[in-house]
Amino acid sequence: MAPFTVVNGKVWPVLDVQPATYRLRVINGSNARTYRLVLLRDGAPELDRITQIGTDHGLVRTPVRLPADGLLLAPAERADLLVDFSDLAPGSELTVLNTAAAPFNGASFPAADAENAADAEGLLPYPQVLRFRVGGEAATPRSVPGELATDYGSPSAEALAAAPRRAIALVERELDDEPNMLTMRELAIAPEGVDGPLVTVTDRDATTRYRVVAAHFEDTTTFFPVLGEYEVWQLINLTGDTHPIHLHLDPFQILARRPIRYDIAPDGIGERDLAATVKLKRDPDDELDHAIDANERGLKDTVRVNPNELVEIAVRFTTYSGRYMYHCHILEHEDRDMMRPFVTMPAELMPFMA
């Protein structure tokens, strides 16, 4: 309902709450907008009232505080929150504002300046999201357990060392008199002596040469994960926007965010080809932190991949064989071809896929 934010079908709703702790489950259901949510009282941020206990796929292992700038949610990301109003007098009001301009590029915005977040050029003329109004009698306070999820852990170093590694470049191809096309170029290691457009990725003294093996949704499937085995996927953002990449079927864990600098050759983005050099080092003009936030360390199915960034995720598909998808969850990007299939299968079938 542009240019306004809608919460549960209402523009700028007011929620009456008691002086108690509330559990709120939040999903970004927007087609394209990323939100950075900040809780304010009398113009000052009160993010310490919020504890995050869950993310896309359930509880985190231990409760975490929000990032200092606020709760970042790209399209499809979810958060399970505890918000503490227990010490507030009746009549107190708190406001939630959004400080993320669009299109979002990962840039920070201080929570203390949230009241000045309005930005017409950033498609954010009205940053208001909702308001809480405190009333009634205080409820009995409840403590938050120090340990929450116990049914998952981080993948072992041995499992990751043996895991197949997949690389995907996120690219935007400019077209004359047509909307830009956004694609995910699946990369495979190029054999020695192969000519043609290549993507080189340099990490310190090691350089890996890749060629594009798939660029469009209808291209041949190249990803065949084996059920029960970890894989490491590298998402390499060669665009100026943040892309929320969503995997169907099973959750993953974020292993790393690493800054990159890259150069795309003139006319290097073809319909199916890509010629680019990528170095795992910070670009001089890059001001992003490229850090994994504490509230991203649970089980995820959507990850933000910022500009000048390589994100590594560890994924393990466990139960179902079949054809599934991964894609950018900005719907306009998905519709412009930023979506690819993968096929999961038991290990017994892999010899027939050679």
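In this predicted model, the count of salt bridges comes to 21. As general background, side chains of opposite charge can pair when their charged atoms come close. A handy place to start is the pair formed by arginine 272 and glutamate 271, whose closest N and O atoms lie 3.4 Å apart. Arginine 272 is partly exposed because its relative accessibility is 37%, and glutamate 271 is likewise classed as partly exposed because its relative accessible area is 46%.

Arginine 304 offers a richer picture. The side chains of arginine 304 and glutamate 296 meet in a salt bridge, with 3.2 Å from N to O. Glutamate 296 has a relative accessibility of 2% and therefore counts as buried; arginine 304, with a relative accessible area of 5%, is buried too. Arginine 304 also forms a salt bridge with aspartate 293, and here the closest N and O atoms are 3.9 Å apart. This second pair links distant parts of the chain, eleven residues apart: aspartate 293 sits in the loop between β21 (274-279) and β22 (302-305), while arginine 304 belongs to strand β22 itself. Aspartate 293 counts as partly exposed because its relative accessibility is 23%, a value that falls between the 20% and 50% cut-offs. Through shared partners, salt bridges join Asp293, Glu296 and Arg304 with Asp56, Glu77, Arg257, Lys300 and Glu309 in one network.

Glutamate 334 makes a useful contrast, being buried yet without a salt bridge. The nearest side chain of opposite charge is that of arginine 336, 12 Å away; no salt bridge is assigned because the cut-off is 4 Å. Glutamate 334 lies in helix α2, which spans residues 331-335. Leaving aside residues up to four places away in sequence, glutamate 334 touches His327, Cys328 and Met339.

Turning to the nonpolar interior, it helps to recall that in soluble globular proteins, nonpolar side chains tend to be buried together. The largest nonpolar core in this model holds 25 residues, and those touching the most other members are Leu39, Leu71, Phe85, Leu94, Val96 and Phe132. At least two residues of this core come from each of the strands β5 (35-41), β9 (71-73), β10 (78-84), β11 (93-98) and β12 (128-134). Strand β5 gives the most, with five residues. A second, separate core contains 24 residues, among them Leu235, Leu247, Ile313 and Phe342.

Leucine 71 shows how varied the surroundings of a core residue can be. Not counting residues up to four places away in sequence, leucine 71 touches Tyr35, Arg36, Leu37, Gln52, Leu66, Ala79, Leu81 and Asn295.

Alanine 114 is found in the loop between β11 and β12 and is buried because its relative accessible area is 0%. With residues up to four places away in sequence set aside, alanine 114 touches Val38, Leu40, Leu97, Thr99 and Phe109. Alanine 114 and leucine 37 are 77 residues apart in sequence, and their C-alpha atoms are 9.2 Å apart in space.

Nonpolar residues also appear at the surface. Phe4, Val6, Val11, Trp12 and Tyr126 make a nonpolar surface patch of about 380 Å². Of these, valine 11 is found in strand β2 (residues 10-11) and counts as partly exposed because its relative accessibility is 32%.

Methods
Residues are numbered from 1 along each chain as its sequence is written. This is a predicted model: local features need pLDDT of at least 70, side-chain atom pairs count only at pLDDT 80 or more; totals for chains, interfaces and linings use all residues. Side-chain values use heavy atoms; hydrogens and water are left out. Helices (H or I, at least four residues) and strands (E, at least two) are DSSP runs, numbered from the N terminus. Buried means under 20% relative accessible area, exposed over 50%, partly exposed in between (1.4 Å probe, protein chains only). Lys and Arg count as positive and Asp and Glu as negative; His and the chain ends are not counted. Contact means heavy atoms within 4.5 Å. Patches are made of residues with over 30% relative accessible area and no salt bridge: like charges are joined within 9 Å, nonpolar side chains (Val, Leu, Ile, Met, Phe, Trp, Tyr) within 5 Å. Accessible areas come from the Shrake-Rupley method with a 1.4 Å probe; for residues, only the protein chains shown count as cover. A nonpolar core is a set of buried Ala, Val, Leu, Ile, Met, Phe, Trp, Tyr and Cys residues joined through side-chain atoms within 4.5 Å.
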